Number of protein chains: 2
Amino acid sequence: MTVSSLSYQDRADYCQAPIAKQLLQLMDEKKTNLALSADVTSAQQLIAYAEQLGPEICLLKTHIDIIEDFTAGLTQTLRRLAEKHHFLIFEDRKFADIGNTVKHQYEGGLYRIADWADLTNAHSLPGPGIIHGLYEVGRKKNRGLLLLAEMSSAGHLMDSAYIQKTLAMAEQFPDFVIGFITQHALSTHPHWIYLTPGVKRDAGGDSLLQQYVTPEKAIYEQGTDIIIVGRGILAAKDPLTEAKSYRQQGWDAYLKRRKAG
Amino acid sequence: MTVSSLSYQDRADYCQAPIAKQLLQLMDEKKTNLALSADVTSAQQLIAYAEQLGPEICLLKTHIDIIEDFTAGLTQTLRRLAEKHHFLIFEDRKFADIGNTVKHQYEGGLYRIADWADLTNAHSLPGPGIIHGLYEVGRKKNRGLLLLAEMSSAGHLMDSAYIQKTLAMAEQFPDFVIGFITQHALSTHPHWIYLTPGVKRDAGGDSLLQQYVTPEKAIYEQGTDIIIVGRGILAAKDPLTEAKSYRQQGWDAYLKRRKAG
């Protein structure tokens, strides 16, 4: 039996962080490994997408700091929609500072990220102090952290030594770090959850060096768990039909991988 | 003649970015290489420090996203104080995402960083796309960017190959990238400006793996240009006296370095 033959539900048993269990279980229950990257700049638009596409996704990924008309009411509405449609919320903050600073950035300010985002992410680049700082705020609220192991942008500086050090850092916080932003599975431990950004039906890129992979490549070939799709859905004529199609492709790739084991 | 014997004013002639010239010139005119890291969570407190300590500093470093009661009026007040006391404003955002995302984060959202911060900073980790994205927003507003080459936190993953790649990336944007967050001077080119965080009279650290260096060590021994002092000043009984003392130490170290050449 290999990790890739296990169901998400089976892997939930190996997780120390309750939010990781919850995510893996809801993926199997809801039959979706699709995360929506909702990169919009209007609160109303964000809510409309969460309402319309919420039934298709396991995760809603936000950039709360690009919303032009943010109010605390927005995050309350997102929480309500997360309950209604059974998805988790992942604020893609990419924390990247020393422990003492990220603690304040995660807990406070106008956005109070730790109060409403089930998951957030951080770069391992500043060393383990960044995880310590986030842990102090997030652990007691039952939040989870993803570390960035590999980005989807061309020319990134995350070489294999960097990825191994990131994995080693994650292993020090098994009840808080739940997985990675990555293009490939990184380990044979079944509790890590791998999320792949930059997923689009047609490979290629944008003018700012983003590079795309297909759902099949991410899940089946590269062994990751969750496809993060943004412009592939939002720029489509009919986002709902497109989301259903990505959901199906992601799920088919998961079933194919389990069979291939 | 070596770079370390040049005055800040002399080096301004080598800069392609107008904001870099302006910073180097004001440092010599005002005789200060002190940056205040104003890590407070109240707008009123931030304004009070900018008013009181503004005359001592060349740069006010902010974390706008930890302010609990942010309004657009705060950044207007900070701009007014920057004019009055002749300092620049550096929002320590540590951008760390792909180009298309940082463009929105820099320009928009509630904070509209590009509208009021003369300088901001970014990690080179995602590759050159991050600089392209920030450039599209900041260059036309005459802003400047600092890249993070070395952090002050223990166990950071910025090895010498990482630093060299960061330097090479900066060289592609000489009219926008003005220098580095670093513990050491990185090159013999006189136009780069080096800012050192984690400066404190007494070396040591905090419980979240921050490590401190002294002003003399940063400027004289390690050849950097600007000392960034936070808790060393803000946690003192008399912040103004303490700021004057750091200013003097930083300036003395600069004069000593120029003499030693």
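Student: What rotation and what shift along its axis superpose chain B on chain A?

Tutor: In this predicted model, a rotation of 180° with 0.0 Å of shift does so, at an RMSD of 0.0 Å; the fit is by least squares on C-alpha atoms of residues with pLDDT of at least 70 in both copies. Local features need pLDDT of at least 70 and side-chain atom pairs count only at pLDDT 80 or more, while totals for chains, interfaces and linings use all residues.

Student: Why is this called a two-fold axis?

Tutor: Two copies of a chain are related by a rotation about an axis and a shift along it. Here the rotation is 180° and the shift 0.0 Å, and that is the relation of a two-fold axis. In chain B, the C-alpha nearest the axis belongs to Ala96(B), at 3.5 Å.

Student: What makes Arg112(A) and Glu68(B) a salt bridge?

Tutor: The term requires a side-chain nitrogen of Lys or Arg within 4 Å of a carboxyl oxygen of Asp or Glu. The closest N and O atoms of Arg112(A) and Glu68(B) are 3.1 Å apart, so the pair qualifies. Between chain B and chain A the count is six salt bridges.

Student: Why is Thr62(B) called buried or exposed?

Tutor: Buried means under 20% relative accessible area, exposed over 50%, and partly exposed in between (1.4 Å probe, protein chains only). Thr62(B) has 1% relative accessibility and therefore counts as buried.

Terms used:
Residues numbered from 1 in each chain as written. Chains lettered and ligands numbered in written order. Heavy atoms only, no water.
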